Amino acid sequence: MNWTRFLLAVVLSGFATTLTDWLFMGVLFHKKYLATPEIWRIKPGQSDTRSIVLSSLLGVFSCAAFLYLCVSTGAFVSHRATIHVAFLVCGAGAIPIIFSNIVWIKMHPLLGVSHSLGWLARFIVTGLIGTWLLR
């Protein structure tokens, strides 16, 4: 594996998925977050910069892990194969965890939908970038 291209794919996918996170986890159904302010760590008016930076770093790490999974399984043979792996990973990991949280935490179910779509978008975008750079 070419580590320079791998790191470039991580950086590009980390940047691109920051935008998808903003769309799916920040903008979509934004008012549903306001319905239950007591469950969020920060109170209205407080700075959320630290939380944004930490979650962005976690997102970049997930991009790197997904890229490595695709490289190690040979999923970069085609865009279709990579998207298939993205659906499998999202269905096996992100979606069950998110909806388990919806069951146990006072969160609106539409937030579960938007977060699930956000993670799926993250894996698809990362996979497409990886297929482009690492195939």
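This report describes the largest pocket, one buried serine and the salt bridge of a predicted model.

Residues are numbered from 1 along each chain as its sequence is written, and side-chain values use heavy atoms, with hydrogens and water left out. Local features need pLDDT of at least 70 and side-chain atom pairs count only at pLDDT 80 or more, whereas totals for chains, interfaces and linings use all residues.

The largest pocket (an open set of points on a 1 Å grid over the protein atoms alone, for a 1.4 Å probe, with protein on both sides within 12 Å along at least five of seven lines; lining residues have an atom within 4 Å of a point) holds about 1,600 Å³ of space, a volume being the space filled by probe spheres set on the points. Its lining has 38 residues, of which Met 25, Tyr 33, Trp 40, Ser 55 and His 115 are the closest to its centre. Each helix in the table (a DSSP run of H or I, at least four residues) supplies at least two residues of that lining.

| Helix | Residues |
|---|---|
| Helix 1 | 3–27 |
| Helix 2 | 30–34 |
| Helix 3 | 49–73 |
| Helix 4 | 79–104 |
| Helix 5 | 109–134 |

Ser 62 is found in helix 3 and counts as buried (under 20% relative accessible area, 1.4 Å probe, protein chains only) because its relative accessibility is 11%. Leaving aside neighbours within four places in sequence, Ser 62 is in contact (heavy atoms within 4.5 Å) with Trp 119, Arg 122 and Phe 123.

Arg 122 also takes part in a salt bridge (a side-chain nitrogen of Lys or Arg within 4 Å of a carboxyl oxygen of Asp or Glu) with Asp 21, at 2.3 Å from N to O. This pair links helix 5, which holds Arg 122, to helix 1, which holds Asp 21, across 101 residues. Both Arg 122 and Asp 21 are buried, and the structure holds one salt bridge.

Terms used. Buried means under 20% relative accessible area, exposed over 50%, partly exposed in between (1.4 Å probe, protein chains only).
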